[in-house]
Amino acid sequence: MEKLQESMYKLIVETSTNLPKDVRRAIQRAKEKESAGTRSAMALHTITNNIKMADDNISPICQDTGMPTFKIKTPVGVNQLVIKEAIYAAIEQATKDGKLRPNSVDSLFGNNSGNNLGAGTPVVKFEQWEKDYIDARLILKGGGCENKNIQYSLPCELEGLGKAGRDLDGIRKCLMHAVYQAQGQGCSAGVIGVGIGGDRTSGYELAKEQLFRSLDDENQIPELCQLEEYVMENANKLGIGTMGFGGETTLLGCKIGVYNRLPASFYVSVAYNCWAYRRLGVTISPETGEIAQWLYQEGDNTLQPAAAEAADVQEQREIVLQAPITEEQIRELRVGDVVTINGMMYTGRDAIHKHLTDNDCPVDLNGQVIYHCGPVVMKDSEGKYHIKAAGPTTSIREEPYQGDIMKKFGIRAVIGKGGMGAKTLAALQEHGGVYLNAIGGAAQYYAECIKEVEGVDFLEFGIPEAMWHLRVDGFKAVVTMDSHGNSLHADVDKTSLERLAQFKEPVFK
Ligand code: SF4
């Protein structure tokens, strides 16, 4: 049991901190396609640095360490209850050590269990097989990309593409649409796992299972192999790019599986995974509990540090801001500007936004910056907090509250990822505010910009949801919504929808 727990712990830590080689190679290919000096090239440069920092620090690649989902195959006669116990203990330890963020929240009352254990957490699925060793695989898929999963019931009408029927061409349209609807919100460039058929539940399970395939493998079903190649080629013509900044690579992988279906149902289920595609596996000896082999580690790690010039965004100006920020400074900013922030910023996610709608704030937010972020935080023996991972979370969830809160408290800038909607854009214009897009998943990169935790409020909401007072230095983000009614997100959405319409005509007869 002790060895088994140690093996599970190693699997969790490696999965959270060490991006698999096939994913690194896919990111390298994306970098090679992107022109130097663009926003997407800058984002890929940051992502590359972040991957390296996670390696060096043995720290989470992204602060959202997702829903731990294990798939375990065991020889007949192996006690699965013992394996489950070992996984639970390893999960608790990895959370304590800051390798996983406490992510298990009571759905009715909002309490965070604090140790990643709770009803339905983690997910552990067993299967028996004839082999004489244990095969244990783990995927850590975060909430931002999980929210971009989508399930289609054919036939259906798709925006930009028209009717999708119950055939291969209808499936093709669904997959093109799935990439379009995700935009940059799931931290593109992403990978889609697709389940054709099944029922609503097994279809999604099949889709997620595809994410355990290697990015370099080839589908054994010729029709699906052809469809995977088609989607890879054409989804990358949509121009959504890294983080939805516009660019050459929107998709890093497409993996499709198929189940039989009921005569009356035809589902196409899509599991969208961000670039921080954390899944690893090990084989384990049932006798000793020790790891015999690591999976997904074949081939080279070709991810190269980006050329220095890629870091400089030549498309736009670069501006340094020190919080508190004035309305005049904000009104000077335009979409595309790269902003470097020094001084204070305050984290705020779902619970804080809801709370501030009807209550006062314990700190003066006038002229301040709100960061949509749920960090990984460790407390040292002297009671001092340290930020271990701190990338942005998906901002659109705060759309119902954001504009009102900015006006109520005088907030001048909001940092997050994926952009916000029309209500916030109108508030930015009226009040004099700006939305800044940080690079999703770059949790190590941003953690290094945080020089000190000066305080915390609302810790009762749980670590990810608390309001952390952060002193930052050199925190870079791109203006994607300004106070003049411009939104890069709306522009990319519009042009990608126009491009999507080019794929309306049937391809697979
Ligand atoms: S990279 Fe983005 S989508 Fe993926 S887990 Fe991190 S924040 Fe979520």
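1. By class, the residues lining the largest cavity comprise seven nonpolar, one polar and no charged residues. The model under review is predicted. The lining consists of Ile 27, Ala 30, Leu 44, Ile 47, Ala 189, Thr 242, Leu 252 and Trp 275. At least two of the lining residues come from each of helix H2 (21–33) and helix H3. The volume of the largest cavity is about 30 Å³, and the structure holds one cavity of 30 Å³ or more.

2. Helix H3 (residues 39–57) also contains Asn 50. Asn 50 has a relative accessible area of 0% and is therefore classed as buried, the cut-off for that class being under 20%. Apart from its neighbours within four places in sequence, Asn 50 is in contact with Ile 61, Trp 275, Gly 441, Ala 442, Ala 443, Gln 444 and Tyr 445. One of these partners, Trp 275, also appears in the lining of the largest cavity.

3. The largest pocket has a volume of about 1100 Å³. Its lining is made up of 50 residues, and those lying nearest the centre of the pocket are Arg 101, Asn 103, Val 105, Arg 349 and Glu 465. Two or more lining residues are given by each of H5 and helix H11 (350–358). The element that gives the most is H5, with four residues. By class, the lining of this pocket divides into 16 nonpolar, 20 polar and 14 charged residues.

4. Lys 148 is found in the loop that runs between helix H5 (143–146) and strand S4 (150–153). The reader may wish to examine its charge environment: which side chain of opposite charge is nearest to Lys 148? That side chain belongs to Asp 493, at 8.6 Å, and Lys 148 has no salt bridge although it is buried. When residues up to four places away in sequence are not counted, Lys 148 touches Gln 181, Ala 182, Gln 185, Gly 186 and Tyr 272.

5. Leu 459 occupies a place in the loop between strand S19 (450–457) and strand S20 (467–481). Is Leu 459 buried or partly exposed? With a relative accessible area of 33%, Leu 459 is partly exposed, because that class covers values between the cut-offs of 20% and 50%. Residues up to four places away in sequence being left out, Leu 459 touches Tyr 385, Ala 466 and Trp 468.

Definitions and conventions: Residues numbered from 1 in each chain as written. Predicted model: local features only at pLDDT ≥ 70, side-chain atom pairs only at ≥ 80, totals over all residues. Heavy atoms only, no water. Buried < 20%, exposed > 50% of the residue type's maximum accessible area, 1.4 Å probe, protein only. Lys, Arg positive; Asp, Glu negative; His and termini not counted. Salt bridge = Lys/Arg side-chain N within 4 Å of Asp/Glu carboxyl O. Contact = heavy atoms within 4.5 Å. 1 Å grid on protein atoms, 1.4 Å probe; cavity = no way out; pocket = protein on both sides within 12 Å on 5 of 7 lines; lining within 4 Å. Points joined across faces, edges and corners; volume = space filled by probe spheres on them. Nonpolar A, V, L, I, M, F, W, Y, C, P; charged D, E, K, R; others polar.
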